[in-house]
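Work through the exercises below with the sequence and the 3D structure open beside you. Try each task before reading its solution.

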Amino acid sequence: MATATPRLALATTEFNAYLWAMAGGHNVLLFFPARVTTTKGFSMARAILIVADSFGIGAAPDAAKFGDAGSDTLGHIAELCAKGQADTDFRKGPLNVPNMTALGLGEAARDVSGHIPPGLEHGGAIIGAYGFAREVSRGKDTPSGHWEIAGVPVDFDWGYFPAEVPTFPAELTDELIKRTGIPGILGNCHASGTEIIARLGEEHIRSGKPICYTSADSVFQIAAHEDHFGLDRLMEVCETAFTLVEPYNIGRVIARPFVGSSPADFKRTANRRDLAVPPPHPTLLDIFTKAGGKVISVGKIADIYAQRGISKKVKAAGNMALFDAMMGEIEQAPDNSLVFTNLVDFDMEFGHRRDVQGYANALEEFDARLPELRAALKPGDLVIITADHGCDPTWRGNDHTREVVPILAFGPAIAPGPIGGRDTFADIGQTVADHLGISLDHGTSFLHG
């Protein structure tokens, strides 16, 4: 698909500062004329980058190589909602995301699949810059997607553990047991984290053996009870595991602490920690902080980039708590700053668990808070909403899906319109860099065109 002529631009004279208001129980848009002088790289610039983790909008051109031809996280959720098959006590009917729809989400999805998902038709003016991006990195995992967003495509193959039981090499697990003194491990398979904790959590508490599992990502995950096993001990075991998986070219070891006393109330906590291989080249975060900017990580962003290029990190449990934390940081973030947020529940709680109803409800909750975000923006702010891969909750298995991701960009001085299909996620990072007055080695900004 040919890339459309970019229409996103920083205004230099008059612009419309779009503010949102609530009226009659529905989100509506109000337009207030304002005036500001802005130039590329000006000192008042701030950027807010939100990764709705796993929110793909259609199969990528190379999806068949991953067994994912036909996957469509947004499209399939919307279809089931429209059929009444995602109705619950907390949500009903067609997918209701009017704010993202006004920003151009339906049009972006149409550019991928040829049709607007049901419920995302928009009769009024589109007020965001919208498009989609294809991934050039070789994987469909979290680090690959995030690194490419930040201007560093992954041009090598990660190591992966095979989909068999036991999945980990005996020499790896034997050495882990020897070095850490744990009595053994449970799991040793591919699994959804919430499912395996529910299944093995009680045995873990009785035996003291941590739960070790993996996925289609390049990852070694260790779940353990915060009280019975101990959070510090879990982190020590993960640090040992991180050194042991290096020969296997594994990208991350993830500590998955949980609490509770039975499958009915086991719950993972916000004390998750990702031990990650650092990006092979400087990212947007590294370059921006070196240039004097401030990068504020909300959620697991700092872990994904191995703590590099981070000025401040904030943790929280759950999408809405993360949104709250993000809003608090936006309120106090200085000029020349980047607030970078990952909303992990879309992926962790709903995509991997193949929970269509939960995913739909999470999208609606997120969408309902966008007016709050818009109202908090300063004249020089740029917001981009995107994703790092797909995780279609209607797809077979419980792993990520190779999909294109949406780009929804807005701000008081950002002109709306189509930006077309982008050939790499790095266009997102280059656009943020352009807005903040720096440059990356990969990607093409869609700010000026």
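Four exercises follow, each with a worked solution.

The model is predicted, so local features need pLDDT of at least 70 and side-chain atom pairs count only at pLDDT 80 or more, while totals for chains, interfaces and linings use all residues. Residues are numbered from 1 along each chain as its sequence is written, and side-chain values use heavy atoms, with hydrogens and water left out.

**Exercise 1. The whole chain**

Task: Describe the secondary structure of the protein chain, and compare its radius of gyration with that of a compact globule.

Solution: Begin with the secondary structure, which comes to 14 helices and 16 strands; helices (H or I, at least four residues) and strands (E, at least two) are DSSP runs, numbered from the N terminus. Next, take the radius of gyration over C-alpha atoms, and use the globule rule of 2.2 Å times the number of residues to the power 0.38. For 449 residues a compact globule would have a radius of gyration near 22 Å, and the protein chain agrees because its value is 22 Å. Finally, 59% of the 449 residues are buried, where buried means under 20% relative accessible area, exposed means over 50%, and partly exposed lies in between (1.4 Å probe, protein chains only).

**Exercise 2. Helix α1 and the loop after it**

Task: Find which residues of α1 are buried, and decide whether Lys83 is buried or exposed.

Solution: Helix α1 spans residues 73-82, and eight of its 10 residues are buried. These are Thr73, Leu74, Gly75, His76, Ile77, Ala78, Leu80 and Cys81. Their cover includes α3 (105-113) and α12 (356-368). Moving on along the chain, Lys83 sits in the loop between α1 and α2 (98-103), and Lys83 is exposed because its relative accessible area is 58%. Just after α1, Gly84 has a positive phi of about 80 degrees.

**Exercise 3. Glu135 in its loop**

Task: Decide whether Glu135 is buried or exposed, and list which residues it touches.

Solution: First locate Glu135, which belongs to the loop between β4 (129-133) and α4 (142-149). Its relative accessible area is 8%, so Glu135 is buried. Then look for contacts, meaning heavy atoms within 4.5 Å. Leaving out residues up to four places away in sequence, Glu135 touches Lys140, Ser144, Gly145, Glu148, Asp388, Arg402 and Phe425.

**Exercise 4. The largest cavity and the largest pocket**

Task: Give the volume of the largest cavity and of the largest pocket, and describe the lining of each.

Solution: Both are found on a 1 Å grid over the protein atoms alone: a cavity is a set of points where a 1.4 Å probe fits but cannot get out, a pocket is an open set with protein on both sides within 12 Å along at least five of seven lines, and lining residues have an atom within 4 Å of a point. The largest cavity has a volume of about 230 Å³. Among its 23 lining residues, Ser215, Gln221, Arg256, Asp347 and His352 lie nearest its centre. Strand β8 (252-259) gives the most to this lining, with three residues.

The largest pocket has a volume of about 660 Å³. It is lined by 33 residues, of which Arg268, Gly318, Asp345, Met348 and Glu349 are closest to its centre. Its lining has 15 nonpolar, eight polar and 10 charged residues, while the lining of the largest cavity has six nonpolar, nine polar and eight charged. Here Ala, Val, Leu, Ile, Met, Phe, Trp, Tyr, Cys and Pro count as nonpolar, Asp, Glu, Lys and Arg as charged, and the others, Gly among them, as polar.

Key:
Points joined across faces, edges and corners; volume = space filled by probe spheres on them.
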